[in-house]
Amino acid sequence: MPGTQDRSPTGRSPSDPRQPDPRPPDRRLSGQRRMERRWGLLMALPAILGFVIFTAGPMVASLVFSLTDWQVGGSPSFIGLGNYTELVDDELFWTSLSATTYYTLGAVPLVLIVSFAVAMLLNQKVRGLPIWRTIFYLPTLVPAIANVVLWIWIFNPDFGLLNSLLRQAGLPAGQWIYDEAMAIPSLIVMSTWGFGNTMVIFLAGLQGVPRHLYEAVSIDGGGPWRRFWHVTLPMMTPTIFYNLVVGVVGTFQVFNQAYVMTEGGPNNATLFYVYYLFRMAFKESEMGYASALAWVLFMIIVVITFLLFRNARRWVYYEMAGAR
Amino acid sequence: MKRRDLFRMGGLAALGAAGVSACGSGGGSGAAGSTQLQFMYWGSTFEKAAVEKMLKSFEQKNQDIKVKPVFTPDEYDVKLNSLVAGGNTPDLGYVPMSMSFRLAEQGNLVNLFPYLQKYPQLAGYLPDAYLWYGQDKLHGVATANEIELLWYSKSAIAAAGAATPPAVASSAWSWDQLVENAYKLTVDQNGKHPDESGFDPKQVRQFGISISLTYAAAWYGFLRSNGADFADEAGKKCLLDTPEAIQVFQNLQDLIHKHRVAPGPGQLAATGDDVPGTNILLKTKRVAMVVDGHWSLLDMNESKVDYGIGVLPKYAEPFTTSQVAGASSVFSTTKHVEEAVELFAFHIDPRYVDLYQQGLWMPQEKKYYEDQAAVDSWTKNDGHPPEFRTAVVDYARDHGVPDLRNRVKNLSAISSDVLTPALQELESGKRPAAEVLKEVSPKITGMLQGWQHVQEP
């Protein structure tokens, strides 16, 4: 604006000795605040540096790489959106995307339902409650790879636990992860094994459901089903929503099972997106293309999360309006 | 220059390559005035010890050179890729064949062609050992000459009354003879053979034979023996859909699903794709005969298996895959090329390295297959059974066809993107070989970029 320069800066000139400082006590406070800010920043510095160097930096770098044709060991050349257009014609990109989607659509609801159900059970007053809670949480503490190796054995077609049980029950045995059609369903079943964290969050949510609402239903003559349907479920929607978002974001990045158990096979049945990305980057050394894959995944997750949040307005109930 | 460095640094950060940080490029000086080299390699714990021993003896011969072994048993390609991206490669070492040609073309490996005159032993190698990336451009050699063999359990053969697999190429079994003997050697938990009624293919105690369908080195010899090949002469058209190739793969599939004498997917697996070593399979008699590489000899001896060595069955002329190994190369980041090449020539010289007598490696120099005294120098010992001369030495010399990985350009991408998935489908037995191969061959053709260059050294 042209006129602004002409106007005096509201007369709050610090050089004017006659004008008393309007807020002398504030100044001391702001000194303290400055100190707090300085120390705060200093204390937060490791985390900030860690984020900038190990997360934000590589993200920016990978965004730049994704615009280049760069094989490890060679020099990158700028190709604009070339990698992204190549993706469209890459059969394996679509294979991996559909395998990952299939897995997510199966694993996320299943984990949500199982962990919610178990959380409900563990919210009852039963004897030895801490022991039950520990037992159901325990698999979460098993390191990821140990867990995967355990399941390789469970799924073994010859001497695995699953087929042994089926045979003893006189049921037909399966090929599980060694069968193209059964591989992903097998991995979906396996995903419920690690529901402990989701369960604990549900449990916390259940304990936050106000008693008086249950009492109100009971007074009106409602049974357990009505208590569940009209109190528990609506009051739990924020928790369900949180677990849903975290579950989708995490499940879309599924990697260990493909890496350790199946190597993406058989016949690309379990070629999960992140495994394909890893293979492109570190086995086939196509770092530029792999970076583009990473950004596409990032965008996919952003869009899905956005859609989930939009959709959430319709079904997630927050008791205190505006407290979201 | 500056931008490239920036990329490298960015790449390093992007890879989160923590493992890279500590090791310098190997160029720095170690003890006063001495040259420091880094030698990167993979292998079993036993190979680790043997290579360390070899490096020690190199240090003794060259007092002013210190060598740091960089042992990387797992995810070698991942680690090496990270090191290359960070410009932090070792001075020399093993390079997986899937990466070596690319690294050479990018200028990351030293052209060893000029050194063939300085080191005459390097010039007398088997022709297939050399890894060329252009006219007079040599980026390394296959570390050892490994071939595929038919290993068997002597006691399993005796117990079943089956014939002993021949140890001479000229009398190699036909495919039908292999199948016939595999029937005798396959028994379920109730002692029934696959051709008896009531045989339970889900409860097999001992399989007759195991041949990997997904490991190209295991079947490439059969392909050649039946007059087929992976690609045409120009290396631009895939030939896996020819009747001869289809026959080979149909036969392999039939072993599992028709004859039921071979394990299907996952049936031998302990962890995922990780099948127990051939020594374990034979010792426990889980399988009576296994097609596997010569390198198994070391483990056979170590675990005291009652094994025998036979040549592979043949279709027409007998063939086996040879040069089934990784590359050995010198990295161009080295600041001491002469010393690194000196170690390069040393590390694969049977005069100094006892991995040959131990049974892990087969030499690359021609004389070790031709000259009697030289042959004896690595085979006349307890680790090498009597049939070794004909079943391995002569077989390798006269009937070896080099592994596809050393010969076909772009094979690494072809394998992971289309070939391995197709072979997995074959292995599952869902569709016949002809259908699968006719579908995959045009896809492979689309990715073929020709054969690698070959020439006289």
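In the predicted model, helix α2 of chain A, which spans residues 82-89, packs against α13(A) at an angle of about 75°, and the axes of these two helices are 9 Å apart. An angle between 65 and 115 degrees counts as roughly perpendicular, and α2(A) and α13(A) are therefore described as roughly perpendicular to each other. On the side of α2(A), the residues that take part are A:N83, A:Y84, A:E86 and A:L87, and these meet A:G288, A:Y289, A:A292 and A:V296 in α13(A). Sorted by class, the residues of this contact comprise five nonpolar, two polar and one charged.

Helix α13(A), which covers residues 287-315, also packs against helix α12 of chain A, residues 273-283, with an angle of about 160° and with the two axes 8 Å apart. Because angles over 145 degrees count as roughly antiparallel, this pair is placed in that class, α12(A) being roughly antiparallel to α13(A). The crossing in which α12(A) passes α13(A) is left-handed. From α12(A), the contact draws on A:Y273, A:L277, A:M280 and A:A281, while α13(A) provides A:M287, A:Y289, A:A290, A:L293, A:A294 and A:L297. The contact of α12(A) with α13(A) has ten nonpolar residues, with no polar and no charged residues. A:Y289 of α13(A) is thus listed in the contact with α2(A) and also in the contact with α12(A).

Two local backbone features belong to the loops that flank α12 of chain A. In the loop between α12 and α13 of chain A lies A:S285, a residue other than glycine whose phi is nevertheless positive, near 65°. The loop between α11 (256-262) and α12 of chain A contains A:P266, and the peptide bond that joins A:G265 to A:P266 is cis, with omega about -10°.

With respect to domains, chain A is assigned a domain 1 that covers residues 24-65 and a domain 2 that covers residues 82-315. The C-alpha centres of domain 1 of chain A and domain 2 of chain A are 35 Å apart.

Chain B has 18 helices and 13 strands, and its C-alpha atoms fill a box of roughly 75 × 50 × 40 Å when taken along the principal axes. For its 457 residues, a compact globule would have a radius of gyration near 23 Å, and the value of 23 Å for chain B agrees with this. The domain assignment of chain B is made up of discontinuous ranges, with domain 1 given as 25-144 + 326-365 and domain 2 as 148-322 + 404-447. The centres of domain 1 of chain B and domain 2 of chain B, taken over C-alpha atoms, are separated by 32 Å. Contact between these domains involves ten residues of domain 1 of chain B and ten residues of domain 2 of chain B, and the side belonging to domain 1 of chain B has six nonpolar, three polar and one charged residues.

Within chain B, helix α9 (residues 243-257) packs against helix α18 (residues 433-447) at an angle of about 130°, with the axes of the two helices 9 Å apart. The two helices α9(B) and α18(B) are therefore oblique to each other, and α9(B) passes α18(B) in a right-handed crossing. In this pair, B:A245, B:I246, B:F249, B:Q250 and B:Q253 of α9(B) meet B:A433, B:A434 and B:L437 of α18(B). The residues of the contact divide by class into six nonpolar, two polar and no charged.

Between the two chains, 33 residues of chain B are in contact with 39 residues of chain A. On the side of chain B that touches chain A, at least two residues each are supplied by α1 (2-15), α3 (76-85), α4 (97-105) and α17 (411-428) of chain B. The largest share of this side of chain B, eight residues, comes from α17(B). By class, the side of chain B that touches chain A has twelve nonpolar, 14 polar and seven charged residues.

Technical notes: Residues numbered from 1 in each chain as written. Chains lettered and ligands numbered in written order. Predicted model: local features only at pLDDT ≥ 70, side-chain atom pairs only at ≥ 80, totals over all residues. Domains from an automatic or database assignment. Axes fitted to C-alpha atoms, helices over the stretch in contact; angles between N-to-C directions. Helix = DSSP H or I, 4+ residues; strand = E, 2+ residues; numbered from the N terminus. Parallel < 35°, antiparallel > 145°, perpendicular 65-115°, else oblique. Left-handed = near helix turned anticlockwise from the far one by under 90°. Contact = placed C-beta atoms within 7 Å. Nonpolar A, V, L, I, M, F, W, Y, C, P; charged D, E, K, R; others polar. Rg over C-alpha atoms; globule rule 2.2 N^0.38 Å.
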